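Reader: I'm new to this one. Could you show me how to read its aromatic pairs?

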Amino acid sequence: MVVSGASPYAYLRFARVSAPISQCSVLLLYIALACYTAASASPSPKQTVPRASASPSKIQLQSRKVPAGSSLRRRALGPANIPLDDFFKGTDLQWFGNISVGTPPQDITVVFDTGSSSLEFASTLCDSCSSQVQFDPTASSTFVDVGVDPVVGNNTQLQLRSAVDTVSVGGLTATDVDLFLITSQTPNFDIDPFSGIQGMGALAQGFFAGLIDQGLPSLFSLLLAPNDVGGAELTIGGSDESKFEGDLVFASNVGRSATWELDSPGIFQYQTQPDEPGTFGISCDLIDSLPAEIALTFTSENGTPFNLTIPSVELNVGPFANNASLCQTLINAEDDFQIVGASLLKHFYSVWDVGGQRMGFAPTLF
């Protein structure tokens, strides 16, 4: 398990093919930075996303008699909405919300992160976690200790302890959920107003898998509203049609394992920043001269190209700590992929269909 950066982010990820950078493809979704792409479909100030057409078809319904004295094996769970707070420091960084862990339940806050899969949070076993709310394992009658798992990132370090306990999200409860208690962390995490991170990768794991086993539909949706708008929300088990306009358009997830990825035809990179691997920058005095919009082009399930557009206000996330004249742009990249995130996602309502292995998008109402 690897944790990189000062705190966890959510992002979109592009996988790079063996061709020039303009041929980059594949996008994974998380909350972070964005990119400039040579879009094959023209952007518009307010993007209306086309919807794949579908023809109605007949289905044959069958009934099954339940034996006397027995009950149905599984009742479907309904969707639940979880309000999200915005971690804002000059720009929208991360969105986090409440979950409950243990018996009786202890409330903690976590980032719901589409770029990872595990649940980890600060505990009373961590002397260096005093700035976050800490979970007390000794106060939970359902807590089961498993063992120690060290985690090291590029500029961070965590010590984790594996465990199992009951987890509730949005009033829905799953038992015997695998999780990690943070027992030690470097000062990089002191700035975080939340206690940890809940991975929401493309494979159902942890509490989400437990809820799906109880009949919850295997999808979730995100409204990552900017700080000046408010009302950010996670919906597990469904989507909220009151939060977007027009129709959702879906594209197939092409990621492997638990990765959320979409194909995209091209991407333009700015200057790299060697002291912060994977980031790109441009001279701060050139920001105002950049194009007014950035459009990312994807292909819907019916083969129709569609654009997701980022306004120019999102081009700059601030200067690098070691070079105040160089501003970080909205793109993160590694050798085989590029990352785009909140700068795009907070302008669209997004649906993450784990069961159907696809992602849906529609313009927000703000």
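**Reading the ring pairs**

Author: Sure. Keep in mind that this is a predicted model. Let's start with one ring: phenylalanine 208 is buried, with a relative accessible area of 4%.

Reader: And how many aromatic pairs does the structure hold?

Author: Eleven aromatic pairs in the structure. A pair of aromatic rings is described by the distance of the centres and the angle of the planes. Take phenylalanine 208 and phenylalanine 220: their ring centres are 5.9 Å apart and their planes meet at 85°, so you'd call that pair edge-to-face, since planes over 60 degrees apart count that way.

Reader: Which parts does that pair tie together?

Author: Phenylalanine 208 belongs to helix α1 (residues 206-213) and phenylalanine 220 to strand β11 (residues 219-223), so the pair joins parts twelve residues apart in sequence. Phenylalanine 220 is buried too, at a relative accessible area of 1%.

Reader: What about tryptophan 260 and tryptophan 352?

Author: Those two form an edge-to-face pair as well, at 5.3 Å centre to centre with 80° between the planes. Tryptophan 260 lies in the loop between β13 (249-252) and β14 (271-272), while tryptophan 352 is in strand β21 (residues 348-353), so this pair ties together parts that are 92 residues apart in sequence.

Reader: Are tryptophan 260 and tryptophan 352 buried or exposed?

Author: Both tryptophan 260 and tryptophan 352 are buried. Ring pairs also link Phe207, Phe208, Phe220, Trp260 and Trp352 into a cluster.

Reader: What sits over the ring of phenylalanine 250?

Author: That's the charged end of arginine 358, 3.7 Å from the ring's centre.

Technical notes
Residues numbered from 1 in each chain as written. Predicted model: local features only at pLDDT ≥ 70, side-chain atom pairs only at ≥ 80, totals over all residues. Heavy atoms only, no water. Phe/Tyr/Trp six-rings, centres within 6.5 Å; stacked < 30°, edge-to-face > 60°. Helix = DSSP H or I, 4+ residues; strand = E, 2+ residues; numbered from the N terminus. Buried < 20%, exposed > 50% of the residue type's maximum accessible area, 1.4 Å probe, protein only. Lys NZ or Arg CZ within 6 Å of the ring centre and 35° of its normal.
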